[in-house]
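Trainee: Could you take me through a close look at a single part of this model, the packing in its interior, and then set that part in its wider context?

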Amino acid sequence: MRPTGEVEDVEAYAAELAAALYGPARARARLVAELREGLADTVAAYAAEGLPQRLAVRRAVAEFGTVEEVAPSCQRELTVVQVRHTARAVALTAPFLAACWWLFLVTGQGVQLPPEARFLALPLAGAAAGAALLAAAALAATGALARRLPARLSTAHRLPRATAWAGTATGVTLGLSALALFVSSPLAANWPLVAFTGALAAVSHTVVAASARACRQCVRTG
């Protein structure tokens, strides 16, 4: 049985690292591939000096850091990527939801909806608008403005958790909106518009809920 943290070759190191990380598949694969390439180059350099392969791998890992040592910083990087994915999904869908409810309420279309749907419209629109603002802030905080933010607001602290729950809240809001619109559509005079809006809300709910779930997992893993 090999000691903890010791790997037999570069591929074993890369496989252990990939298994220890959670985040967007493409970003994770790219990050692991970059580290695999760097480790392989270091192993080759030590081997060229005459070290046996096993010792060359051991020296290279000692220089790079074990999987347990490297994984936390890699996970933080992947968490930032996932935060941006989730924030982008919320920023694209939440304004659409708020605009739809505004359309039904302000333009007179809402009169066609049952009272229960009209009762839900205002809080759902408000929740969507709030989530959109938070998503925009998350995108700014993980982009060009990241270096100017104080440490307590950095992505290593509160931002990933806030983005995860904003995505969760938006997913729930989209799901409730889809349900309300589907149930109301047979009773509405302009039912095709109501049903179509409900279908879009349902699709958006699927996308946002999956991204928010991944973001929560990144927060737990990190």
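Mentor: Let us start from one residue, L39, which, leaving aside its neighbours within four places in sequence, is in contact with V10, Y13, A60, V61 and F64. L39 also belongs to the largest nonpolar core, a set of 22 residues in which Y13, L17, L21, L39, V43, V70 and C74 touch the most other members. Helices α1 (10-20), α2, α3 (53-64) and α4 (67-106) each supply at least two residues of this core, and the largest share, seven residues, comes from α2. Separate from this core there is a second one, made up of 18 residues, with V83, A89, A94 and A98 among them.

Since the model is predicted, this picture should be read together with the confidence values. The mean pLDDT of the protein is 79, and 78% of its residues reach 70 or more. Among the elements, helix α2 (residues 25-48), which supplies the largest share of the first core, has the highest mean pLDDT, 93, whereas helix α5 (residues 115-141) has the lowest, 74. Over residues 145-155 the pLDDT is below 50, although this stretch has 13 contacts in the model beyond near neighbours in sequence.

Turning to the last pair of helices to be described here, the axes of α6 (residues 159-184) and α7 (residues 191-221) come within 7 Å and cross at roughly 155 degrees. Because angles over 145 degrees count as roughly antiparallel, α6 is roughly antiparallel to α7, and α6 passes α7 in a left-handed crossing.

Technical notes:
Residues are numbered from 1 along each chain as its sequence is written. This is a predicted model: local features need pLDDT of at least 70, side-chain atom pairs count only at pLDDT 80 or more; totals for chains, interfaces and linings use all residues. Side-chain values use heavy atoms; hydrogens and water are left out. pLDDT is the predictor's confidence in each residue, from 0 to 100. Helices (H or I, at least four residues) and strands (E, at least two) are DSSP runs, numbered from the N terminus. Contact means heavy atoms within 4.5 Å. A nonpolar core is a set of buried Ala, Val, Leu, Ile, Met, Phe, Trp, Tyr and Cys residues joined through side-chain atoms within 4.5 Å. Buried means under 20% relative accessible area, exposed over 50%, partly exposed in between (1.4 Å probe, protein chains only). Axes are lines fitted to C-alpha atoms, for helices over the stretch in contact, and angles run from 0 to 180 degrees between N-to-C directions. Angles under 35 degrees count as roughly parallel, over 145 as roughly antiparallel, 65 to 115 as roughly perpendicular and the rest as oblique. A crossing is left-handed if the near helix is turned anticlockwise from the far one by less than a right angle, and right-handed if clockwise.
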